[in-house]
Structure formats: C-alpha cells, structure tokens
Amino acid sequence: PFVGTNDEAIARMSELEGRKTFVYLGSSLGNDIDPAPFLLHLISNCTATDRVIIGVDLAADAGTAGGGKKTVEVINKAYNDDAGVTSEFILNSLSVVNRVAGLDFDVDKFKHVAEYNRDSDAVEIYAECVSPCTVAATAPATDNTYHVRTFEAGERIFIEQSGKFSKARLKVLTAKAGMVVTRTWEDGDGYFRLFEAVSHAAQARTDLSNFFFRDIVGAEGLAEQPVDLRNPYAFYWGHISAFSDRVALM
C-alpha cells in the first residue's frame with residue numbers, strides 16, 4: 001500500500017517492474033473541467049505492456065442502444081436525494097471553510113443546489129444563499145472582525161462539478177490524452193462504463209506484431225505446425241542451447 005497524491009502514486013507505481021494495470025474507478029474523472037492532462041500523465045507513465053482501466057459515469061441518454069435508462073431526471077435525483085445526504089455533504093464545505101479560514105458562514109442561510117447541465121454534460125453543484133447575509137472573518141493576531149462578503153438571496157457559490165461522459169466525448173478525450181481504447185464494459189442500464197486503454201506506442205507494437213504474425217501468415221497459417229514464416233532449421237537450432245540451459249538448472 002502507498003498513500004499519496006495521484007501524481008505521487010503514479011510515479012511510484014511506474015517504477016515497479018513487470019506488466020502493470022492502472023485502475024482508476026468511480027466518477028472522480030468528471031470532477032476535472034478537462035481531465036485530458038491527468039489521463040495523458042497517467043498513460044505517459046505506462047510502458048508498452050501496461051494497461052489502464054478507467055471508470056466513468058455516462059451522460060444522460062448516452063448508454064446502451066436505445067439511449068439507456070439514465071435520464072436527466074435520474075441524474076438530478078441522485079444528486080438531490082430524499083434523505084438529504086448530498087445536501088449535508090455539500091453544505092458542510094462551508095463549515096470547513098469557517099474552521100480553516102476563520103470565517104463565519106451561517107450554513108442555515110444556504111441551500112444545496114445540484115443541476116444537470118446538458119451543454120457541458122455535468123452536474124453543477126452550488127451552495128445558494130436563501131436570505132441576505134454577511135460573512136466576516138476574525139484576524140488571528142488582533143481578534144478584530146472585518147467584513148468579507150455580503151450575499152444576496154439567490155446568489156450561488158460554486159462548489160464542484162461532476163462531469164458525465166457521452167461516447168463522443170470519451171472518444172475525443174482518449175485521443176487527446178494519447179490513449180487507444182482496446183475494450184469497453186457497460187452495465188445493462190447504460191449508467192456506467194469501464195474502458196481499457198493503452199498508449200499509442202503499445203498499440204503500434206501490437207499492430208506490428210499483427211502484421212508479422214497474422215497478416216503475412218494468415219489466420220489459418222497461425223494454426224499450422226510449423227508456421228511457414230519460421231525457418232525450421234534456425235528455430236530448432238536456436239532452441240538447443242535454451243533447452244540445454246533449462247535442463248542444467250533442474
């Protein structure tokens with residue numbers, strides 16, 4: 001186990017020997033306005049034999065054939081749950097600011113607002129002022145209180161976004177990040193997607209292997225023994241010493 005930031009962990013893991021799989025699950029990728037730099041950094045730390053598996057939330061109506069069941073209404077309900085858990089979580093950020101920065105936000109004068117923006121395919125989350133209030137701060141050295149900001153009813157503080165991904169956006173994003181998607185998995189309702197990707201260098205290596213071992217010989221030729229492309233004398237001559245060493249070690 002290693003505890004650290006994404007950058008620290010990626011650098012540390014890239015030093016491990018052997019083939020590696022980097023797994024980044026959940027919907028955290030959507031918290032970045034532009035996640036391409038992070039993905040580019042991730043794939044840049046992969047060797048030609050490494051893989052990455054990324055999990056994303058799909059955009060509204062972007063899932064399985066026929067649009068899937070993930071509508072705007074379903075997404076909005078997820079971020080405005082009846083139990084108020086999300087609201088409590090978001091408004092707690094104002095309490096954290098009070099504690100860390102010495103402010104005096106009156107949390108009761110704000111409400112949680114989460115709305116799906118179809119133009120950006122993201123849930124935008126705010127703390128919205130419900131009645132006029134003034135935020136003040138106390139200077140640690142003097143205990144003097146000074147005015148910071150006055151909020152009018154309806155004014156919003158942007159807290160975070162949770163981006164969702166259409167198939168078209170994923171295609172652009174992975175290309176921008178230097179990734180080649182090799183496999184995808186999607187749940188039956190079209191809510192979420194996992195995709196496996198490699199670097200362009202890894203894909204080029206695969207393409208070269210396919211050229212030599214599939215395109216020249218042919219699919220049926222690969223099943224023949226020996227393969228026509230292989231020199232029967234050089235192949236067995238080269239294996240004599242390898243087999244001899246193996247026997248000597250046993």
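Which residue is partly exposed, with a relative accessible area of 36%? Hold on to that one, everybody; we'll get there when we reach the salt bridges.

Hello, and thanks for coming. What you have in front of you is a predicted model, in which local features need pLDDT of at least 70, side-chain atom pairs count only at pLDDT 80 or more, and totals for chains, interfaces and linings use all residues. Residues are numbered from 1 along each chain as its sequence is written, and side-chain values use heavy atoms, with hydrogens and water left out.

Let's start with the sheets. When I say helix or strand, I mean a DSSP run, numbered from the N terminus: H or I with at least four residues for helices, E with at least two for strands. Strands pair if DSSP finds at least two bridges between them.

One open sheet has 3 strands, in the order β3-β4-β7, and the pairing is antiparallel. Its edges are β3 (110-117) and β7 (156-163); each has a single partner strand, so one side of each is left without a neighbour in the sheet. From one strand to the next, the twist averages 20 degrees. For angles, axes are lines fitted to C-alpha atoms, for helices over the stretch in contact, and the values run from 0 to 180 degrees between N-to-C directions.

Now look at β3 with β4 (residues 122-129): the two pair in the antiparallel sense over 8 bridges. If you want to click on some pairs, Phe110 has Cys129 of β4 as its bridge partner, and His112 has Ala127 of β4. β3 and β4 form a hairpin with 4 residues between them. In that turn, Asp121 has a positive phi of about 50 degrees.

What packs on the sheet, touching β3, β4 and β7? That is helix α4 (residues 85-101), and its direction makes about 115 degrees with that of β3.

On to the other sheet I'd like to show you. This open sheet has 4 strands in the order β1-β2-β9-β8, with mixed pairing. Here β1 and β8 (179-186) are the edge strands, each pairing on one side only. Ignoring direction, neighbouring strands in this sheet are turned by 20 degrees against each other on average. β1 and β2 (residues 51-57) run parallel and are joined by 4 bridges; Val23 stands opposite Ile53 in β2. Lying across β1, β2, β8 and β9 (192-199) is α2, which runs at about 160 degrees to β2.

Val23 shows up again on the outside. Together with Leu25, Trp185 and Leu194, Val23 makes a nonpolar surface patch of about 360 Å². Patches are made of residues with over 30% relative accessible area and no salt bridge, joining like charges within 9 Å and nonpolar side chains (Val, Leu, Ile, Met, Phe, Trp, Tyr) within 5 Å. The areas come from the Shrake-Rupley method with a 1.4 Å probe, and for residues only the protein chains shown count as cover. Leu25 has its place in the loop between β1 (21-24) and α2 (36-44).

Now, salt bridges. The rule is a side-chain nitrogen of Lys or Arg within 4 Å of a carboxyl oxygen of Asp or Glu, and by this rule the count comes to 11.

One of them joins Lys20 and Asp50, at 3.3 Å from N to O. Lys20 is in the loop between α1 (6-14) and β1, and Asp50 in the loop between α2 and β2, so the pair ties together parts that are 30 residues apart in sequence. Both Lys20 and Asp50 are buried; that means under 20% relative accessible area, while exposed is over 50% and partly exposed lies in between (1.4 Å probe, protein chains only).

Lys70 and Asp57 form another, with the closest N and O atoms 3.8 Å apart. Lys70 sits in the loop between β2 and α3 (72-78) and Asp57 in strand β2, 13 residues apart. Lys70 counts as buried at 6% relative accessibility, and Asp57 does at 10%.

And here is our opening residue: Arg149, partly exposed at 36%. Its salt-bridge partner is Glu155, with closest N and O atoms 3.2 Å apart; Glu155 is partly exposed too, at 26%.

Lastly, visit Tyr191, in the loop between β8 and β9. Leaving aside neighbours within four places in sequence, Tyr191 is in contact (heavy atoms within 4.5 Å) with Asp57, Leu58, Lys69, Lys70 and Val74. Tyr191 and Val74 are 117 residues apart along the chain, and their C-alpha atoms are separated by 9.9 Å.

Thanks, everyone!
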